[in-house]
Amino acid sequence: MRASALGGTPRFAEAVEIVRSAPLASSGSFALFDEADAVLLDLSPVGVFAMRPEHGTLVRTNHFLTPIPAADEKTWLYQPDSGERYDFVRARLKRTQPPATPDDLAGCLVTGDGEPPVTCLPDLDRPLGQRWASLATVTLEPTTRTARILDGTPAGIGSRDWRILTSG
């Protein structure tokens, strides 16, 4: 999908083109947004591919969301766990009213027994290098140009203060 097909403001389309023009030697993901539009870009040496919001939300776990880079992905490293977490969050968001606040949205990420672990708590019985942990929860609010960062997982909402950053 080319930037012109993405819509949005000329500034937004220009930002997408800047990302597309950068040389890439490894893979990743990049969320790009302004007050009017948002896109998640899968970045890989084979190209930059756009994923649009669903139900007003961009959901990302640890795998490519678009088919071309996904074809050569190291699935043994991320699957099936990443796909299960992605499907779980998407289904949870579809079943409820759209979250009214960032706390409501982050609350959708708290999981319990028998659910895919959307956020990770370290398993100290695992060897070093395999004790995965979610270190921060971040919400981005383009209309207010605000980023809110919580030290730890969404389960900490209400027990920890958010660090709030705004841009002028």
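The legends below describe close-up views of one predicted model.

**View 1. Confidence along the protein chain of the predicted model.**
Averaged over the protein chain, the pLDDT is 83, and 92% of the residues score at least 70. Confidence is highest in strand 6, which covers residues 163–166 and has a mean of 94, while the lowest mean, 46, belongs to helix 1 at residues 3–6. Across residues 1–5 the pLDDT is below 50, and this stretch has 10 contacts in the model beyond near neighbours in sequence. Where pLDDT is low, the predicted coordinates should not be read in detail.

**View 2. An open sheet of three strands.**
The strands of this sheet follow the order 1-2-3, and their pairing is antiparallel. Strand 1, at residues 28–33, and strand 3, at residues 47–51, stand at the edges, and each has a single partner strand, so one side of each is left without a neighbour in the sheet. On average, and with direction ignored, neighbouring strands of this sheet are turned by 25 degrees against each other. Strand 2, which spans residues 38–44, is joined to strand 3 by five bridges, and these two strands run antiparallel. Within strand 3, Met51 is the residue that stands opposite Leu40.

**View 3. Strand 4, strand 5 and the hairpin they form.**
Six bridges connect strand 4 with strand 5, the latter covering residues 146–151, and the two run antiparallel. Four residues lie between the two strands of this hairpin, and Arg145, which is in the turn, has a positive phi of about 55 degrees. To follow the pairing residue by residue, one can start from Leu140, whose bridge partner in strand 5 is Ala147, and then turn to Thr139, whose bridge partner in strand 5 is Arg148.

**View 4. Strand 5 beside strand 6.**
Strand 5 is also joined to strand 6, here by four bridges, and this pair runs antiparallel. Arg148 can be used to find the place, as this residue stands opposite Ile164 in strand 6. In a regular strand the side chains alternate between the two faces of the sheet.

**View 5. The largest pocket and the residues that line it.**
The volume of the largest pocket is about 1,500 Å³. Its lining is made up of 41 residues, and those closest to the centre of the pocket are Leu58, Val59, Arg60, Leu109 and Val138. Several elements each supply at least two residues of this lining, namely strand 1, strand 2, helix 4 (75–78), helix 5 (81–95), helix 6 (102–107) and strand 4 (136–141). Strand 4 gives the most, with six residues. Sorted by class, the lining of the largest pocket consists of 26 nonpolar, 11 polar and four charged residues.

**View 6. The largest cavity and its lining.**
The count of cavities of 30 Å³ or more comes to one, and the space in the largest cavity is about 90 Å³. Its lining includes Met51, Arg52, Pro53, Glu54, His55 and Thr57, together with Leu58 and Val59, and these last two, Leu58 and Val59, are also among the residues closest to the centre of the largest pocket. Tyr86, Arg90, Leu93 and Lys94 line the cavity as well, and helix 5 provides the largest share of the lining, with four residues. By class, the residues around the largest cavity are six nonpolar, two polar and four charged.

Technical notes: Residues numbered from 1 in each chain as written. Predicted model: local features only at pLDDT ≥ 70, side-chain atom pairs only at ≥ 80, totals over all residues. Heavy atoms only, no water. Pairing = 2+ DSSP bridges. Axes fitted to C-alpha atoms, helices over the stretch in contact; angles between N-to-C directions. pLDDT = per-residue confidence, 0-100. Contact = heavy atoms within 4.5 Å. 1 Å grid on protein atoms, 1.4 Å probe; cavity = no way out; pocket = protein on both sides within 12 Å on 5 of 7 lines; lining within 4 Å. Points joined across faces, edges and corners; volume = space filled by probe spheres on them. Nonpolar A, V, L, I, M, F, W, Y, C, P; charged D, E, K, R; others polar.
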